[in-house]
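This briefing covers selected features of one model, grouped by topic. Please look over the structure first.

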Amino acid sequence: MRYPLEPGRAEMAELAQQVLERAIEFIDQLPEHPASIEGVPPAEIAALQRRLLMPPGEQPGDLAQLLALVEEAAQAAVESAGPGYLAYVPGGGLFAAAVADLYARATNRYVGLSAVAPGFAALEYSVVRFLCEVCGLGDGSGGILVSGGSTANFAALIAARHHHLGEEIASGTLYATEEAHHSIAKAARLAGIPQRNLRTVACAGDRRMDVEAAARMIRSDRAAGMRPFLLVGSAGTTNTGAIDPLDEMADLAHDERVWLHVDGAYGGVFRLTYLGRLRLAGIERADSVTLDPHKGLFMPYGTGALVVRDLGRLRAAHAVSGHYLQDLSAQEVPDFADLGPELTREVRGLRIWLPLHLYGVAAFRAALDEKLDLAEHAYRRLRAEPLLDAVLAPQLSIVAFRLRGRTAQEADARGRDVLRRVNAGRRVFLSSTVVDGRFTLRLAILAHRSHIDRVDEAVDAIIAAARAASAERSN
């Protein structure tokens, strides 16, 4: 009897070979891919979506035709894997990680409970321990790999809430700046913290938290009968890459007996570098740190991490069991189901473990150093252009800048024009934000495939667009 869902060796080899050849071709052509889908007629996108929305048929399909459609879907996207992706916070996706994922998905091991796959559980936890070392956390630390920074921030907030508030959460207050990632506010909502209990702390001119302002707010809330429990710092904001004064925040958290969480989803792994260790001083004193290996370690999307100083606190907040799990014995490696919201979970560690061991940590350190240097190089060039106004010197690898104008309104309009012109060229893709109420453009340099040639091309395009916009508005 034939079982179509159980292909033989030859069929598996043919399927894998066809996919592998297309994947290699895709990556080989990445430098020439359009950086965005700007200018693609909406009718083309709609027609593609209609084909992809069709339900599967009863009979087998043709593999080549199906892969061609998948390839078309992959091309109809912002090219987040390419060297021209300088928007938001890039995540390039190492090919070695994709190969690791193929093996992980084929073997299909379950690692929510370490007794079921102790080898893969240990492999994954070795990655967690490496990330703890990167952050400078000591003995007793640990953590978990999750789907991304939002889930990590949520798990951290749950741990802080459980440790400081128990079940009486209505009066708990938390503190973050307006520059903090919006997932912090979302995590608070999901954790049952009333929105009115979120305190927005002022920033200084360098977009870093005003720690004295935070101290005044915490003391005022405590005097009013509220229960401050969480102080959130950013190790590289999404807007400008600013790093909060983490050492001062750690002092405040210690004095006021609140949990210090550092959102280092974007910038935390820069601690692998010399400059990163200097600029992120204090992160090693945090109670918890969010990291996104799919950013600074160039892994595929869906690879986040939460590391904590005291693993017991994370376990206390998340561990719940059931009678149907009674046959599983405890292992040296902790059960990931006790450290986060998921019971059923995939192997996430292999996609990080294999590239780290294959290439060595020095290769990642060198790539991150390159990004710091490229940001400084782009900043110097942009600052030298009279039509542009660099918001602040890059603290990591994001360069935020604006257009100059006779009024703020004129400058913002020119900024929007420049963004449109640059992205229309489809060689690079930029994004914008709002800082101090002003339209602000961003050059986010983090993809491992972005090097000085593409960064210089982006800066050239920005300057050319700024001059064109200025000339048109002057006529």
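In which sense do E6 and strand E7 (residues 304–308) pair, and over how many bridges? E6 and E7 pair in the antiparallel sense, over 4 bridges. The model is predicted, and the points below cover its sheet, a helix pair and two loop residues.

**The sheet**
- Seen as a whole, the sheet is open and has 7 strands in the order E1-E7-E6-E5-E4-E2-E3, with mixed pairing.
- Strand E1 (142–146) and strand E3 (198–201) form the edges; each has a single partner strand, so one side of each lacks a neighbour in the sheet.
- On average, and with direction ignored, neighbouring strands of this sheet are turned by 20° against each other.

**Strand E6 and its neighbours**
- Strand E6 (residues 288–291) is covered on both faces.
- Ser-288 and Thr-290 are buried on one side of E6, and Val-289 and Leu-291 are buried on the other.
- With strand E5 (residues 259–264), E6 pairs in the parallel sense over 4 bridges.
- On the E5 side, Gly-264 stands opposite Leu-291 of E6.
- On the E7 side, Ser-288 of E6 stands opposite Val-308.

**A helix across the sheet**
- Helix H9 (residues 246–256) lies across strand E4 (227–234) and E5.
- The angle at which H9 runs to E4 is about 170°.

**Helices H2 and H3**
- Helix H2 (residues 42–52) packs with helix H3 (residues 63–75) at an angle of about 140°, and their axes are 11 Å apart.
- This angle makes H2 oblique to H3, because angles over 145 degrees would be needed to count as roughly antiparallel.
- The crossing of the two helices, H2 and H3, is left-handed.
- H2 contributes Leu-48, Arg-51 and Leu-52 to the contact, while H3 contributes Leu-69, Glu-72 and Ala-73.
- By class, the residues of the contact of H2 with H3 are 4 nonpolar and 2 charged, with no polar ones.

**Loop residues with positive phi**
- Most residues other than glycine have a negative phi.
- Asn-108 has a positive phi, near 55°, and sits in the loop between helix H4 (95–107) and helix H5 (118–135).
- With a relative accessible area of 61%, Asn-108 is exposed.
- Asp-436 also has a positive phi, near 55°; its place is in the loop between strand E10 (431–435) and strand E11 (438–444).
- Asp-436 has a relative accessible area of 51%, so this residue counts as exposed, the cut-off being over 50%.

Conventions:
Residues numbered from 1 in each chain as written. Predicted model: local features only at pLDDT ≥ 70, side-chain atom pairs only at ≥ 80, totals over all residues. Heavy atoms only, no water. Axes fitted to C-alpha atoms, helices over the stretch in contact; angles between N-to-C directions. Parallel < 35°, antiparallel > 145°, perpendicular 65-115°, else oblique. Left-handed = near helix turned anticlockwise from the far one by under 90°. Contact = heavy atoms within 4.5 Å. Nonpolar A, V, L, I, M, F, W, Y, C, P; charged D, E, K, R; others polar. Buried < 20%, exposed > 50% of the residue type's maximum accessible area, 1.4 Å probe, protein only. Pairing = 2+ DSSP bridges.
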